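Student: Could you take me through one part of this model in close detail? I'd like to start from a single residue in a strand and work outwards from there.

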Amino acid sequence: LIRLGHQYGQGEDDELSQPVDIDLCELFADYEVVTMVEKTLSGNQDYSEWEKNKMNWDGRDSKRDSTVTDCSIKISAMDVRTFEIEVKNMLAHGAE
């Protein structure tokens, strides 16, 4: 389980408040990322399932971009995202 958060708020800084792309395959360079699933912040539900079943109290569409492309994810200002990642140690299996 890994949790990533963007430190800056929207409009707090012209450059540092911009969305950030993170490549988790680079972060886990010695491992092969086998599966990666976004979870709710508590880590007990798949985010996609939670999004489908949540109550919409004010009628606004609150969907955010929860797209995970290969190993790349986008973190927007003040965003906190949690992922369940299964990795395989490439060095233990003879890969270099």
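Tutor: Here is a walk from one leucine out to the sheet, the core and the charged pairs around it.

Keep in mind that this is a predicted model. Our starting point, leucine 4, sits in strand β1, which covers residues 2-5. Its relative accessibility is 15%, so leucine 4 counts as buried, the cut-off being under 20%. Who does leucine 4 touch once you skip the neighbours within four places in sequence? The list is Ile22, Leu24, Ile73, Ile75, Asp79, Val80 and Arg81. Take Ile22 from that list: leucine 4 and isoleucine 22 are separated by 18 residues in sequence, and their C-alpha atoms are 9.4 Å apart.

Now the sheet. Strand β1 belongs to an open sheet of 3 strands, ordered β1-β5-β3, and the pairing is antiparallel. β1 and β3 (31-39) are the edge strands, each pairing on one side only. On average, neighbouring strands in this sheet are turned by 35° against each other, direction ignored. The partner of β1 is β5 (residues 80-89), and the two pair in the antiparallel sense over 4 bridges. Along that pairing, glycine 5 stands opposite valine 80 in β5. Valine 80 was also one of the contacts of leucine 4.

Next, the core. Leucine 4 is part of the largest nonpolar core, a group of 10 residues: Ile2, Leu4, Leu24, Val33, Met36, Cys71, Ile73, Ile75, Phe83 and Ile85. β1, β3, β4 and β5 are the elements that give two or more residues to this core. Leucine 24 is a good second stop here: leaving out residues up to four places away in sequence, leucine 24 touches Leu4, Val33, Met36, Cys71, Ile73 and Ile85.

Then there are the charged pairs. The model has 6 salt bridges. One of them joins the side chains of aspartate 21 and lysine 74, with N to O at 3.5 Å. Aspartate 21 is in strand β2 (residues 20-23) and lysine 74 in strand β4 (residues 72-75), so this pair ties together parts 53 residues apart in sequence. Aspartate 21 is exposed, with a relative accessible area of 53%, while lysine 74 counts as partly exposed at 35% relative accessibility.

Back in the sheet, lysine 88 forms a salt bridge with glutamate 32, and their closest N and O atoms are 3.4 Å apart. Here the link runs between distant parts of the chain, with lysine 88 in strand β5 and glutamate 32 in strand β3, 56 residues apart. Lysine 88 is partly exposed, with a relative accessible area of 36%, and glutamate 32 is also partly exposed, at 35% relative accessibility.

Arginine 81 brings us back to leucine 4, since these two residues are in contact. The side chain of arginine 81 meets that of glutamate 38 in a salt bridge of 2.8 Å, N to O. Arginine 81 lies in strand β5 and glutamate 38 in strand β3, so the pair ties together parts that are 43 residues apart in sequence. Arginine 81 counts as buried at 1% relative accessibility, and glutamate 38 counts as buried at 7%. Finally, Lys39, Asp46 and Glu84 are joined into one network by salt bridges that share partners.

How values were computed: Residues numbered from 1 in each chain as written. Predicted model: local features only at pLDDT ≥ 70, side-chain atom pairs only at ≥ 80, totals over all residues. Heavy atoms only, no water. Buried < 20%, exposed > 50% of the residue type's maximum accessible area, 1.4 Å probe, protein only. Contact = heavy atoms within 4.5 Å. Pairing = 2+ DSSP bridges. Axes fitted to C-alpha atoms, helices over the stretch in contact; angles between N-to-C directions. Salt bridge = Lys/Arg side-chain N within 4 Å of Asp/Glu carboxyl O. Core = buried A, V, L, I, M, F, W, Y, C linked by side-chain atoms within 4.5 Å.
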